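Subject: Structure for your review

Dear colleague,

Please find below the structure that I am handing over to you. My notes on what was found in it follow directly after.

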Amino acid sequence: MSRIVTLDEFIIQRQKDFPYASGELTGLLRDIGVAAKIVNREVNKAGLVSILGVANAENATGDEVQKLDLYANDKLIDCLKNSGECCGIASEENEGFISIPSIESKKAKYVVVFDPLDGSSNIDVNVSVGTIFGIYRRKSKDTGPCEMEDFLQKGSELVAGGYVIYGTSTILVYSTGSGVNGFTLDPSIGEFCLSHRDIKIPDRGNYYSVNQGYYLKFDVEMRRYIDYCSDLNLRLRYIGSMVSDVHRTLFKGGIFLYPNTRKFPKGKLRILYECNPLSFIVEQAGGKAVTCDMDRILDIKPTELHQRSSIAIGSPGMIDEMRDFVQKYSMPTPYVENGASNGTPA
Ligand code: AHM
Ligand code: MG
């Protein structure tokens, strides 16, 4: 039987591959692993201790109950604040970024972005949810607090990205830009153990994943592509928790779509917290991630923390095929006399 490799051992092993690594990134990844174990413990007993409800509600014993996504947010922030390895955090649950004072005057050079509990509207019915995270090197000078420019970076500048799914088993998947590896939590020893080495996404898959209930609200090219997937007899799978839908897509192949709709004209999912880290992972595994206009997600330069985008992510062969539909059916940009376009389909 092969020897078990824990997440901590693996991270340290990888650090040795970089002779000039200072150990800060290693420390950050380990801290995220610890926070994930704490969140996992609470997610697993959520049904027992009534922490599913709305924030500020009271439980049976009169204690204030915290919603699970806010609990996860607080735990991640606590772990990262205490680590001393990052100078700032931006979370889907917080309007602005949080600057972290240095510990023992250590000049931390990373910032972390995360969605603490993606898909949390599913949690009270026992459906898988997850934490998504990304790590960037700060751009601002390390002599002062972090700044907005440290967070508004393209996904292609991610130093590391990953996610944790609290599902039938708890699995952490991450990449530092040289392949993707997955670790399953062994509850008997409380350790994430290497279970999926060098993950590669299949070129095609038998699944497509989209909220088909919004079909009539999608642009014509996306409707035609979805019709095509259906004509091919692909199986429709939609959990409604992006991290879980993308996880299945990564392992089984397929395509996950969240196009722009009338309600979300720029798409619903957040670039910083959801699209970028998952696109980084999928690209590292050999897949592709683009907007519904076929722009690479990782090339978008965000201008605000909570910016949203449409997304198509998954098997490279299927994204390429979607491109044909976008090229064939997209509304042409209307010609305007002075050469400028008003961006509204004619
Ligand atoms: P949230 O950040 O408000 O939880 O929304 C993100 C989630 C994704 O996990 C999921 O893919 C999507 O929203 C589901 O949206 P919809 O219910 O519109 O299909
Ligand atoms: Mg989310």
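Helices α7 and α8 are roughly parallel to each other, because the angle between them, about 10 degrees, falls under the 35 degrees that serve as the limit for that term. Their axes lie 11 Å apart. Please note that this is a predicted model.

On the side of α7, which spans residues 242–252, the contact is made by M242, V243, V246 and L250. Helix α8 contributes E274, L278, I281 and V282. Sorted by class, the residues of this contact are 7 nonpolar and 1 charged, with no polar residue.

The sheet

An open sheet is formed by 5 strands in the order β10-β9-β11-β15-β13, with mixed pairing. Strands β10 (235–236) and β13 (288–290) stand at the edges; each has a single partner strand, so one side of each is left without a neighbour in the sheet. Helix α8, residues 271–284, packs on this sheet and touches β13 and β15 (311–314). The direction of α8 makes about 30 degrees with that of β15.

At the β10 edge, β9 (residues 207–209) and β10 run parallel and are joined by 2 bridges. Within this pair, Y208 of β9 stands opposite L236 of β10.

The hairpin

Strands β7 (residues 181–186) and β8 (residues 191–196) run antiparallel, and 5 bridges join them. Here T184 stands opposite C193 in β8. The hairpin that the two strands make has 4 residues between the strands, and G190 takes a positive phi near 65 degrees.

The nonpolar cores

Which residues touch the most other members of the largest nonpolar core? They are L117, I135 and Y174, in a core of 39 residues. Helix α2 (residues 24–44) gives the most to this core, namely 8 residues.

The surroundings of I135 may be followed in the model. Leaving aside residues up to four places away in sequence, I135 touches L25, L28, L29 and I32. The further residues that I135 touches are Y110, V111, V112, L158, V159 and A160.

Another core, of 27 residues, lies apart from the largest one. Among its members are I171, I201, V243 and A285. V243 has been named above, as one of the α7 residues in the contact with α8.

With kind regards

Notes:
Residues are numbered from 1 along each chain as its sequence is written. Chains are lettered from A and ligands numbered from 1 in the order in which they are written. This is a predicted model: local features need pLDDT of at least 70, side-chain atom pairs count only at pLDDT 80 or more; totals for chains, interfaces and linings use all residues. Side-chain values use heavy atoms; hydrogens and water are left out. Two strands pair if DSSP finds at least two bridges between them. Contact means heavy atoms within 4.5 Å. Axes are lines fitted to C-alpha atoms, for helices over the stretch in contact, and angles run from 0 to 180 degrees between N-to-C directions. Angles under 35 degrees count as roughly parallel, over 145 as roughly antiparallel, 65 to 115 as roughly perpendicular and the rest as oblique. Ala, Val, Leu, Ile, Met, Phe, Trp, Tyr, Cys and Pro count as nonpolar, Asp, Glu, Lys and Arg as charged, and the others, Gly among them, as polar. A nonpolar core is a set of buried Ala, Val, Leu, Ile, Met, Phe, Trp, Tyr and Cys residues joined through side-chain atoms within 4.5 Å. Buried means under 20% relative accessible area, exposed over 50%, partly exposed in between (1.4 Å probe, protein chains only).
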